[in-house]
Amino acid sequence: MAKSVVQEFTKGLWNEIPPFRLVLGLCPSLAVTKTVENGIGMGVAVTFVLVCSNMLISLLRSIIPKQVRIACFIVVIATFVTVVELLMQAFTYPLFLQLGIFIPLIVVNCILLGRAEAFAAKNGIIPSFADGLGMGIGYTLSLTALAAIREILGSGTFYNIPVFGPSFKPFAFMVQAPGAFICLGLMLCIMNMLSRK
Amino acid sequence: MREMIKLFVVITIFSAVSGGLLTALESGTKERIEYQQLKFVKGPTIKHIMDGCSNDPLVDRFKLLDGKIERSFFVGVFNGKRDAVAFETYGKGFGGDIGVIVAINVETDKIIGIGVTTHSETPGVGSRAQTDPAFGAQFKGLAIDQPFRVKPDGGQIDAISGATFSSRGVCGAVAASSDIYKRLKPKILEKIKS
């Protein structure tokens, strides 16, 4: 059990990277990754909620009764999600409009409840912080990678900057939902090939 | 039994703390969020129809109670005179409510311009009520105290071809703004001069 804090942090970056290894939180990953900007925005929002809720739940784990733990976790998570929602509206309104319903839906994102139940409820505050941060950064990186492929092929831009000349004809398919599924599938496949020695 | 009570107490405390925290944060960010919404949703439309005014209508705004509804009014300064006021009303479109901002000159009671802010009309068909400048331009210079209807209904406005419902919605919103303006004009004049 005595895994180091560094290990707890790095496992979220490759071995247990959320959308590809745990295959959790797919719905928003597929929906918001049309552009890199949205992908990063969503990733940062999830990371913030994940780190805060992991730390608070770990801190309160001795007072939360076993029978109602899920309800308590949801209250904690929902509170932080609403904080993020309000802050995004106040400071990054255009991004909030782009991400729309997927910000409030972070509440039901399985990564959060999964980490709260599987990790934060059983570990101390520092490992929980490392776990949340690692998972969050892993999620952000995955969304950014997925969004980069889709944006470059689907709109011919990267972070809203055109990368190809004007003669490039974008694959509109890639920015639609089926394109997201295929792209995610191929990335999962590559990840599995790389890690199978 | 003791165990049950403990569960209740824990859940209640959790919810109460969370509720209190969020209420505090909400009231703290309320004003900023309101300004952001104005800036990104209504701002471009207001700037467009009040083109050439020398102030920032988004900052120069006031609120009035219309019955139980609170409405925001945006003041425009033209040629050094505070004589333009803009506000938003809604009309029933094809896919839901259409939000329309109407700017009125309070000296002449004529429309300076209108612009669609929010709508859920069919893209490429009803959405032209927002994007087609010729449609909105028809309202320019019309006196506010008349009924606004599309030509098929016996009015004066050319409907967008294929989008009669949406055009009717915009006319409905302008007609509603006419009613509001008539009702609140004394208060608007009072506020605008101060």
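Helices (H or I, at least four residues) and strands (E, at least two) are DSSP runs, numbered from the N terminus. The structure is a predicted model, in which local features need pLDDT of at least 70, side-chain atom pairs count only at pLDDT 80 or more, and totals for chains, interfaces and linings use all residues. Residues are numbered from 1 along each chain as its sequence is written, and side-chain values use heavy atoms, leaving out hydrogens and water.

**Exercise 1.** Find where A:Tyr159 lies, then describe its phi and its exposure.

*Solution.* Start with the location: A:Tyr159 is found in the chain A loop between strand E1 (157–158) and strand E2 (161–162). Next, look at the backbone: phi of A:Tyr159 is positive, about 50 degrees, although the residue is not a glycine. Finally, check the surface: A:Tyr159 has 41% relative accessibility, so it counts as partly exposed (buried is under 20% relative accessible area, exposed over 50%, partly exposed in between, with a 1.4 Å probe and protein chains only).

**Exercise 2.** Work through the steps again for B:Asn79.

*Solution.* In chain B, the loop between strand E2 (69–78) and strand E3 (81–92) holds B:Asn79. The phi of B:Asn79 is near 50 degrees, a positive value in a residue other than glycine. With 80% relative accessibility, B:Asn79 counts as exposed.

**Exercise 3.** Is B:Thr45 buried or exposed, and which residues does it contact?

*Solution.* First place the residue: B:Thr45 belongs to helix H1 (residues 2–49) of chain B. Its relative accessibility is 12%, so B:Thr45 counts as buried. Now set aside neighbours within four places in sequence: B:Thr45 is in contact (heavy atoms within 4.5 Å) with B:Gly115, B:Val116 and B:Thr117.

**Exercise 4.** Describe the layout and spread of chain B.

*Solution.* Begin with the elements: chain B has 4 helices and 5 strands. Along the sequence they follow the pattern α-β-β-β-β-β-α-α-α. The radius of gyration of chain B is 21 Å, well over the 16 Å that the globule rule gives for 194 residues, so the chain is more spread out than a compact globule. Here the radius is taken over C-alpha atoms, and the rule is 2.2 Å times the number of residues to the power 0.38. Along the principal axes, the C-alpha atoms of chain B fill a box of roughly 75 × 45 × 30 Å. To finish, turn to burial and contacts: buried residues make up 41% of the 194 residues in chain B. Among chain B contacts with a separation of 6 or more, 51% join residues 24 or more positions apart.

How values were computed:
Chains lettered and ligands numbered in written order.
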